[in-house]
Protein chains: 2
Amino acid sequence: MGRRSDHTRDELRRLIIAEGHRLLAETGLARFSGREVAKRAGYTVGTIYNVFGSLDRLLVTLNSHTFRLWAEFLERRLAVSPPDRIRTLVEAYFAFARDHTHAWSAIYEHRVSAELFDAVDHDSRTALTAIVDREVRSAIPSGGDLDMPRFVRSLIATVHGHCSYALGGTFTLLEEIDPAASALARVRECLAAHGYRPPD
Amino acid sequence: MGRRSDHTRDELRRLIIAEGHRLLAETGLARFSGREVAKRAGYTVGTIYNVFGSLDRLLVTLNSHTFRLWAEFLERRLAVSPPDRIRTLVEAYFAFARDHTHAWSAIYEHRVSAELFDAVDHDSRTALTAIVDREVRSAIPSGGDLDMPRFVRSLIATVHGHCSYALGGTFTLLEEIDPAASALARVRECLAAHGYRPPD
DNA sequence: CGAGTAACTGAACAATGTCCAATTTAGCAA
DNA sequence: TTGCTAAATTGGACATTGTTCAGTTACTCG
């Protein structure tokens with residue numbers, strides 16, 4: 001077959017992203033296949049290369065999509081949230097990862113090569129950081145002498161470490177039962193070191 | 001060719017592990033290839049399946065090897081270490097990961113399937129935890145009401161999160177310059193919450 | 001010396017990412 | 001309407017991958 005007009009370029013892009021994300025969620029990055037994505041979208045391999053240039057580029061795009069979903073998820077949880085927003089944040093971080101294990105893991109499993117670095121959509125990734133930044137700032141009355149962006153990055157890394165262990169199986173091996181609670185405890189301790197008072 | 005006696009079963013095992021680890025260190029898990037390992041060892045693919053049963057099993061073994069190297073590295077650093085052992089521990093954790101990026105990453109990139117769970121050599125993995133456990137205990141005079149094993153796991157997860165971000169490129173994206181320092185700061189804050197006093 | 005058996009090979013299979021010549025058609029110009 | 005061009009899509013080619021397994025080979029024991 002040759003040229004078709006089933007979809008505009010943009011529709012096709014969206015279609016491939018949608019089907020790609022579904023496949024990624026189903027099988028995980030290790031068993032992800034460009035050919036399969038194309039098949040599900042009703043096209044063939046070549047089309048993906050037409051639209052995205054390479055599988056790596058598609059993966060980068062899919063991960064950006066996951067980031068957006070993740071940020072939305074956090075905001076939704078925070079919106080319906082009782083007073084303890086730090087707890088909500090940590091627990092929502094874990095909840096998303098748990099509910100979208102494969103897609104979430106793919107974010108960290110897929111190492112982007114140097115030449116694709118520029119192709120990465122920074123905004124979708126920064127959105128998450130921004131949310132945490134906002135919440136942490138409002139949790140610590142007097143920021144004081146803190147390098148806040150750095151502190152926030154570090155707190156995210158802290159939670160990420162727990163989450164990564166939890167879903168990666170390391171914690172299973174070490175018989176940890178409630179990783180989210182541990183993460184929250186650490187975050188509280190770090191915040192407390194800078195003037196934060198947890199709700200009683 | 002048929003049966004050879006260039007190496008005993010055990011020598012062959014070691015040889016494949018050695019070459020496998022070298023290849024893993026060179027190329028990373030994504031480009032790791034069983035055929036290439038075999039070629040480097042002077043054998044062919046089938047032999048690997050003879051000795052290890054599957055590539056997954058070989059990978060599990062290689063990761064165990066990395067864990068052992070890692071634990072040894074930590075002990076060596078601690079042995080030559082000035083008073084501030086917590087700093088040494090955190091920095092050595094990072095140093096090993098930085099110096100063996102590919103091998104280190106493979107530990108977390110290679111997800112072991114359920115049926116291989118029993119094939120995992122627990123001891124090599126537990127060794128690392130044990131070291132941290134020992135150091136943390138001696139850093140906190142009165143353990144008090146702490147669930148120490150859990151606390152230790154959590155601290156490791158904290159450092160792991162920073163290290164994972166640093167090597168995975170997330171921190172690069174977020175313009176973090178000194179991830180190890182951030183990790184150390186967090187660890188100190190958490191320890192301080194339980195009676196630890198950092199050296200001045 | 002001969003047979004048995006363990007070890008090792010290499011071909012076969014299905015699947016992958018990547019590239020690209022060939023094909024088909026949409027949309028525009030005449 | 002007809003013809004043309006350029007874009008879109010296909011699908012086959014290629015090199016690789018993990019995995020299996022029927023053969024082949026050479027060591028070992030009787």
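Start your selection with Glu109(B), which you will find in helix H6 of chain B. Keep in mind as you go that this is a predicted model.

**Stop 1: Glu109 in both chains**

With Glu109(B) highlighted, show what surrounds it. Setting aside residues within four places in sequence, its contacts are Arg111(A), from the other chain, and Leu29(B), from its own. Is Glu109(B) buried or exposed? Its relative accessible area is 18%, and under 20% is the cut-off for buried, so Glu109(B) counts as buried.

Now jump to Glu109(A), in helix H6 of chain A, which covers residues 101–109. Glu109(A) is buried too, with a relative accessible area of 19%. Leaving out residues up to four places away in sequence, Glu109(A) touches Leu29(A) and Arg111(B). Show the side chains of Glu109(A) and Arg111(B): they form a salt bridge, with 3.0 Å from N to O. The pair also counts as a polar contact of 3.0 Å between the two side chains.

**Stop 2: where the chains meet**

Zoom out until chain A and chain B are both in view. How many residues does each chain bring to the contact? Chain A gives 39 residues and chain B gives 38 residues. Color the contact by element if you like: the area buried between the two chains is about 3,200 Å², and carbon and sulfur atoms give 57% of that area.

For the polar side of the picture, there are six salt bridges between chain B and chain A. Residue pairs in polar contact between the two chains number 20, with both residues at pLDDT 80 or more. To see which parts of chain B are involved, select helix H6 (101–109), helix H7 (122–139), helix H8 (148–168), helix H9 (170–173) and helix H10 (179–192) of chain B; these are the elements that give two or more residues to the side touching chain A. Which of them gives the most? That is H8(B), with 15 residues. Colored by class, this side of chain B shows 15 nonpolar, 13 polar and 10 charged residues.

**Stop 3: Val187(A)**

Hide chain B for a moment and select Val187(A), in helix H10 of chain A. Val187(A) counts as buried because its relative accessibility is 5%. Which residues is Val187(A) in contact with, leaving aside its neighbours within four places in sequence? Show Ile86(A), Val90(A), Leu155(A) and Val159(A) to see them. Then draw a distance between the C-alpha atoms of Val187(A) and Ile86(A): the two residues are 101 apart in sequence, yet 8.5 Å apart in space.

**Stop 4: Glu175 in both chains**

Stay with chain A and move to Glu175(A), in the loop between helix H9 (170–173) and helix H10 (179–192). Look at the backbone here: Glu175(A) has a positive phi of about 65 degrees, although it is not a glycine. At 65% relative accessibility, Glu175(A) counts as exposed.

Bring chain B back and select Glu175(B), in the loop between H9 and H10 of that chain. Glu175(B) is not a glycine either, and its phi is positive, at about 65 degrees. Its relative accessibility is 66%, so Glu175(B) counts as exposed.

**Stop 5: DNA strand D**

For the last stop, show DNA strand D with the 24 residues around it. Which of these come nearest? Pick out Asn50(A), Arg3(B), Arg35(B), Tyr49(B) and Leu55(B). On the DNA side, sugar and phosphate make up 67% of the atoms of strand D that come within 4 Å of the protein.

Next, look at three side chains of chain A beside phosphate oxygens of DNA strand D. Arg4(A) has a polar side-chain atom 2.9 Å from one. For Thr44(A), a polar side-chain atom lies 2.8 Å from a phosphate oxygen of the strand. Thr47(A) has a side-chain N or O atom 2.9 Å from a phosphate oxygen.

To frame the whole surface near DNA strand D, select helix H1 (9–27) and helix H3 (45–52) of chain A, then helix H2 (34–41) and helix H3 (45–52) of chain B; each gives two or more residues. H3(A) gives the most, with three residues. Color this surface by class to finish: eight residues are nonpolar, 10 polar and six charged.

How values were computed: Residues are numbered from 1 along each chain as its sequence is written. Chains are lettered from A and ligands numbered from 1 in the order in which they are written. This is a predicted model: local features need pLDDT of at least 70, side-chain atom pairs count only at pLDDT 80 or more; totals for chains, interfaces and linings use all residues. Side-chain values use heavy atoms; hydrogens and water are left out. A residue is near a molecule or strand if one of its heavy atoms lies within 4 Å of it. A polar contact is a pair of N or O atoms within 3.5 Å; within protein, one must be able to donate a hydrogen and the other to accept it, and residues adjacent in sequence count only if both atoms are side-chain atoms. Helices (H or I, at least four residues) and strands (E, at least two) are DSSP runs, numbered from the N terminus. Ala, Val, Leu, Ile, Met, Phe, Trp, Tyr, Cys and Pro count as nonpolar, Asp, Glu, Lys and Arg as charged, and the others, Gly among them, as polar. Contact means heavy atoms within 4.5 Å. Buried area is the accessible area (1.4 Å probe) that two parts lose on being put together, summed over both. A salt bridge is a side-chain nitrogen of Lys or Arg within 4 Å of a carboxyl oxygen of Asp or Glu. Buried means under 20% relative accessible area, exposed over 50%, partly exposed in between (1.4 Å probe, protein chains only).
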